[in-house]
Amino acid sequence: MEKQVRVMTFVTNFNGGGPGHSAVAVDSTVYTFEDVGGGWLQEGSGWKKFGFDSYLKANAHRPVLVQTLSLVRGDSVVKYVDRSIAADDDYVSSGVCSSQVSRAVNFGLPENVDFDPKGIDTPYGVFYCARRLSLVMKEEYFWPGRSSLGTLVWAGIVNKLQSDYPSVLAKMNVTP
């Protein structure tokens with residue numbers, strides 16, 4: 001049975017600002033290139049691994065847009081991540097979250113499909129590249145911690161959803 005591959009787009013960074021974050025999940029494991037200290041301040045690469053549900057829970061303060069992909073071979077995505085870890089790919093010098101997720105997804109695609117987000121390679125670009133290539137079988141949206149945020153942080157996140165992900169905002173039943 002083929003493994004399920006999901007791209008996770010986290011809207012904003014801390015306190016409702018920033019471009020957000022990209023990660024890729026294969027079955028129940030999340031692979032996230034986010035360890036800024038990995039390789040620079042300590043031994044190891046920028047990759048971290050988490051359980052899917054626990055990673056969602058840890059990020060409940062911001063919207064998470066989850067796209068289940070077709071055509072992407074999960075074993076190949078894991079192979080890419082393992083090779084990247086073995087090569088000691090470090091955050092910034094080897095890319096950032098969205099560029100590494102793009103490379104991992106691309107490694108899992110057939111040769112005639114090129115997962116290459118247009119423009120600056122951000123979580124936004126990864127999200128829309130998956131849509132543009134018609135790889136998305138299903139989209140889900142999570143933001144369980146939205147009611148616990150202060151008004152300004154909540155408003156900043158809703159503004160980001162409204163400007164960058166308007167079709168998602170409507171489906172999340174969030175009123176700006």
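How many nonpolar, polar and charged residues does the lining of the largest pocket have? The views below come from a predicted model, and the pocket opens the set.

**View 1. The largest pocket and its lining.** By class, the lining has nine nonpolar, six polar and three charged residues. In total, 18 residues line this pocket. Nearest its centre lie N13, F14, H21, E34 and R62. The space inside comes to about 340 Å³.

**View 2. The six-stranded open sheet.** The strand order is β4-β3-β2-β1-β5-β6. Pairing is antiparallel. Strands β4 (47-51) and β6 (136-142) form the edges, each pairing on one side only. From one strand to the next, the twist averages 25°.

**View 3. The pairing of β2 with β3.** Strand β2 covers residues 21-26, and strand β3 covers residues 29-33. The two run antiparallel and are paired over three bridges. One residue pair to pick out is V26 and T29: T29, in β3, is the bridge partner of V26.

**View 4. Helix α3 against the sheet.** Helix α3 (residues 97-107) packs on the sheet. The helix touches β1 (5-10), β2, β3, β4 and β5 (64-69). Its direction makes about 30° with that of β2.

**View 5. The surroundings of E139.** Residue E139 sits in strand β6, an edge strand of the sheet. Which side chains make polar contacts with that of E139? One is Q67, at 3.1 Å. Another is R131, at 2.8 Å. Leaving aside neighbours within four places in sequence, E139 is in contact with V66, Q67, F127 and R131. Q67 and R131 thus appear both in this contact list and as polar partners of the E139 side chain.

Key:
Residues numbered from 1 in each chain as written. Predicted model: local features only at pLDDT ≥ 70, side-chain atom pairs only at ≥ 80, totals over all residues. Heavy atoms only, no water. Pairing = 2+ DSSP bridges. Helix = DSSP H or I, 4+ residues; strand = E, 2+ residues; numbered from the N terminus. Axes fitted to C-alpha atoms, helices over the stretch in contact; angles between N-to-C directions. Contact = heavy atoms within 4.5 Å. Polar contact = N/O pair within 3.5 Å; in protein donor to acceptor, adjacent residues only side chain to side chain. 1 Å grid on protein atoms, 1.4 Å probe; cavity = no way out; pocket = protein on both sides within 12 Å on 5 of 7 lines; lining within 4 Å. Points joined across faces, edges and corners; volume = space filled by probe spheres on them. Nonpolar A, V, L, I, M, F, W, Y, C, P; charged D, E, K, R; others polar.
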